[in-house]
Every structure is written in C-alpha cells, then in structure tokens.
Amino acid sequence: MEISDVRNGSSMSPLENYIDAWVAGDPDRIASAVTEDCEIIECYGPVYRGRDRVHQWAAAWFGAGGVVHRWKITDSFRAGEHEAAQWVFDFTWRGRRRSFDGSTITTSYDGRIHTLREYRTTAELYEWTGEWR
C-alpha cells in the first residue's frame, strides 16, 4: 500500500501518519506525529528522545538534502496500542539514491507514536537453493 493514498479517506494509523509525513518532507508533521516524550530508534543506530529532538533531526535531514521518494508498507498489523509493519524505503541521502527493506515496531498513545524501533535488511535477499552467497 502506498501511504499517500491509503484507506480512501479513513483515518491513518499513527505509523502511517508518521511515514506519510516523511514522504511529504514535513518536519512539523513528523514532530506532531510523536508524543512529547517519545523515543525513536533508527535502524542505523541513532536514538532521538522527545518531540523537539525529532523535529531537529527531521529538519536537519531534509535541510542537508535528504529526500524520501517512497516509503511503501508491504505488510502491517495493529493490536491495541502496538503496531508493526514491513516496508521498502526509497530515499536519496548525500546525493546517492538507495532503497532497502525494513520493519518498524511502535507503541502509540492518543494517536501519536510513543516508541518506535526500526530494523533493516542488511544484505540483498535471494532465493536459497542449497548454497549460501
């Protein structure tokens, strides 16, 4: 599913809202998608604590030329305040366009993300036929 046209008018989940804000390149929307005391753990290692830090990070990332071309959720589920999703992230950073598969696990309160942890696939996927690459 493409986040920008998800659900045909019905409300997006907190994670879908967060991802849509990144695709839109909007640091204010990104910050408003998280709780004041959130904790975001990126798959590259950085930890961002609090809405102000998340806004600072997003503004700096876009200000340095970062572009999110597409962030496509391929599978997801919600159970109460918990949400998990698998996705493909297509972006440009430091002049180089890249893409990778990943997943996110979140907890949300009052429609905003409180904790978010990302994981990414670190090697190219391939069909195993009896030998490893």
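This note comments on a buried glutamate, the salt bridges and the largest pocket of a predicted model.

1. The buried glutamate. E83 lies in strand 4, which covers residues 82-93. E83 is buried and yet has no salt bridge. The nearest side chain of opposite charge belongs to R78, 4.3 Å away. That distance misses the cut-off, because a salt bridge requires the nitrogen and the carboxyl oxygen to be within 4 Å.

2. Surroundings of E83. What does the side chain of E83 reach at 3.3 Å? The partner is the backbone nitrogen of L15. Leaving aside residues up to four places away in sequence, E83 touches S13, P14, L15 and E16, as well as F77 and R78, and also T104, I105 and T106.

3. Salt bridges across strand 1 and helix 3. Four salt bridges are found in a search of the whole structure. One of them joins E36 to R51, with the closest N and O atoms 2.9 Å apart. This pair links distant parts of the chain, since E36 sits in strand 1 (residues 34-41) and R51 in helix 3, 15 residues apart. Both partners count as partly exposed: E36 has a relative accessibility of 46%, and R51 has one of 22%.

4. Salt bridge between strands 1 and 2. E39 and R49 meet through their side chains in a salt bridge, at 2.1 Å from N to O. E39 belongs to strand 1 and R49 to strand 2 (residues 47-49), so the pair ties together parts ten residues apart in sequence. E39 is partly exposed, with a relative accessible area of 26%, whereas R49 counts as exposed at 56% relative accessibility.

5. A salt bridge with a buried partner. D90 pairs with R97 in a salt bridge whose closest N and O atoms are 2.6 Å apart. Is each partner buried or exposed? D90 is buried, because its relative accessible area is 11% and buried means under 20%. R97, by contrast, counts as exposed at 53% relative accessibility.

6. The largest pocket. The space in the largest pocket is about 280 Å³. Its lining consists of 16 residues, of which E42, Y44, W61, F89 and F91 are the closest to the centre. Which elements each supply at least two residues of the lining? They are helix 1 (14-24), helix 3 (51-63), strand 4 and strand 5 (96-109). Strand 4 gives the largest share, four residues; strand 4 is also where E83 is found.

Key: Residues numbered from 1 in each chain as written. Predicted model: local features only at pLDDT ≥ 70, side-chain atom pairs only at ≥ 80, totals over all residues. Heavy atoms only, no water. Buried < 20%, exposed > 50% of the residue type's maximum accessible area, 1.4 Å probe, protein only. Lys, Arg positive; Asp, Glu negative; His and termini not counted. Polar contact = N/O pair within 3.5 Å; in protein donor to acceptor, adjacent residues only side chain to side chain. Contact = heavy atoms within 4.5 Å. 1 Å grid on protein atoms, 1.4 Å probe; cavity = no way out; pocket = protein on both sides within 12 Å on 5 of 7 lines; lining within 4 Å. Points joined across faces, edges and corners; volume = space filled by probe spheres on them.
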